[in-house]
Amino acid sequence: MKMLVVFGILVHVSQHAFGVEVSEWAESVILPCQISSVPRRPTVVWSRYDLTPSTVYERDDVGVILTDQNQRYRDRTSMKTDALITGDLSLTLRKPRLSDSGNYTCIITAFGNEKRLADVELQVKEVPPWAKGLVAVSVVLVVLAVAVGLFIYFYYFRTGMSLLHYP
């Protein structure tokens, strides 16, 4: 019974609601979740209750638990390796997609007691069509510049011709 009281005191933090916005082309996004003191033998679960299965990421003091993870998050989620020591239970989501927009919940469980630590609303913003076109044009220009550079190199320098003709 003493452990139950200790757990209640250790995780007595106010629940926080956050809003996070990110572009769909971002490398990653961090969903924040903090706890001031981590109880012994904890399990941390990040969930999205509008999905089945709802588990986005799960970790205990032994390591990452992938058995119930929703497949759309496979190989795209992580926490810092020392998260259960520092109390920084923030989730990193790599390569955010438009379909990742939604409400995420960070929950810690120890000794059968569960505490909701954070609710995070993630909004993945679509890149405007004009920006996608600008990137496509930039890629074409870079390829064209490389091709012109290679042509000049091989035609003029490899054949011994000079760019400047002196009489």
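Ile 152 has its place in helix α3, which covers residues 129-157, and this residue belongs to a chain known here from a predicted model. The chain holds three helices and eight strands, and reading along the sequence gives the order α-β-β-β-β-β-α-β-β-β-α. The points below go from the nonpolar patch that includes Ile 152 to the chain as a whole, the confidence of the prediction, the salt bridges and the surroundings of Ser 90.

**The patch with Ile 152**

- Ile 152 shares a nonpolar surface patch with Leu 141, Leu 144, Val 148 and Phe 151, and together these residues have about 460 Å² of accessible area.
- Ile 152 itself has a relative accessible area of 31%, so this residue counts as partly exposed; that value also meets the requirement for patch members, which is over 30% relative accessible area and no salt bridge.

**The chain as a whole**

- Of the 167 residues in the chain, 35% are buried.
- The accessible surface of the chain amounts to about 10700 Å², and carbon and sulfur atoms account for 61% of that surface.
- When contacts between residues at least 6 apart in sequence are considered, 60% of them join residues that are at least 24 apart.

**Confidence of the prediction**

- The average pLDDT of the chain is 83, and 76% of the residues reach a score of at least 70.
- Residues 1-14 have a pLDDT below 50, although this stretch has 24 contacts in the model beyond near neighbours in sequence.

**Salt bridges**

- Side chains of opposite charge can pair when their charged atoms come close.
- The count of salt bridges in the model comes to five, and three of them are described in the points that follow.
- Arg 48 and Asp 50 meet through their side chains in a salt bridge, with 2.9 Å from N to O; Arg 48 is buried at a relative accessible area of 3%, whereas Asp 50 counts as exposed at 53%.
- Asp 119 and Arg 116 form another salt bridge between their side chains, with an N to O distance of 3.1 Å; here Asp 119 is the buried partner at 19% relative accessibility, while Arg 116 is partly exposed with a relative accessible area of 36%.
- Lys 80 is joined to Asp 88 by a salt bridge in which the closest N and O atoms are 3.2 Å apart, and Asp 88 counts as buried because its relative accessibility is 15%, which is under the 20% limit.

**Ser 90 and its surroundings**

- Asp 88, the salt-bridge partner of Lys 80, also makes a polar contact of 2.7 Å with Ser 90, from side chain to side chain.
- Ser 90 sits in the loop that runs between helix α2 (83-86) and strand β6 (91-94), and with a relative accessible area of 11% this residue is buried.
- The side chain of Ser 90 also reaches the backbone nitrogen of Cys 33, at a distance of 3.2 Å.
- Once neighbours within four places in sequence are set aside, the residues in contact with Ser 90 are Ile 30, Leu 31, Pro 32, Cys 33, Gln 34, Trp 46, Ser 78 and Met 79.
- Cys 33 therefore appears both among these contacts of Ser 90 and as the residue whose backbone nitrogen the Ser 90 side chain reaches, a link that can be followed in the model from a loop residue that is buried, with a relative accessible area of 11%.

Terms used:
Residues are numbered from 1 along each chain as its sequence is written. This is a predicted model: local features need pLDDT of at least 70, side-chain atom pairs count only at pLDDT 80 or more; totals for chains, interfaces and linings use all residues. Side-chain values use heavy atoms; hydrogens and water are left out. Helices (H or I, at least four residues) and strands (E, at least two) are DSSP runs, numbered from the N terminus. Buried means under 20% relative accessible area, exposed over 50%, partly exposed in between (1.4 Å probe, protein chains only). Contact means heavy atoms within 4.5 Å. Accessible areas come from the Shrake-Rupley method with a 1.4 Å probe; for residues, only the protein chains shown count as cover. pLDDT is the predictor's confidence in each residue, from 0 to 100. A salt bridge is a side-chain nitrogen of Lys or Arg within 4 Å of a carboxyl oxygen of Asp or Glu. A polar contact is a pair of N or O atoms within 3.5 Å; within protein, one must be able to donate a hydrogen and the other to accept it, and residues adjacent in sequence count only if both atoms are side-chain atoms. Patches are made of residues with over 30% relative accessible area and no salt bridge: like charges are joined within 9 Å, nonpolar side chains (Val, Leu, Ile, Met, Phe, Trp, Tyr) within 5 Å.
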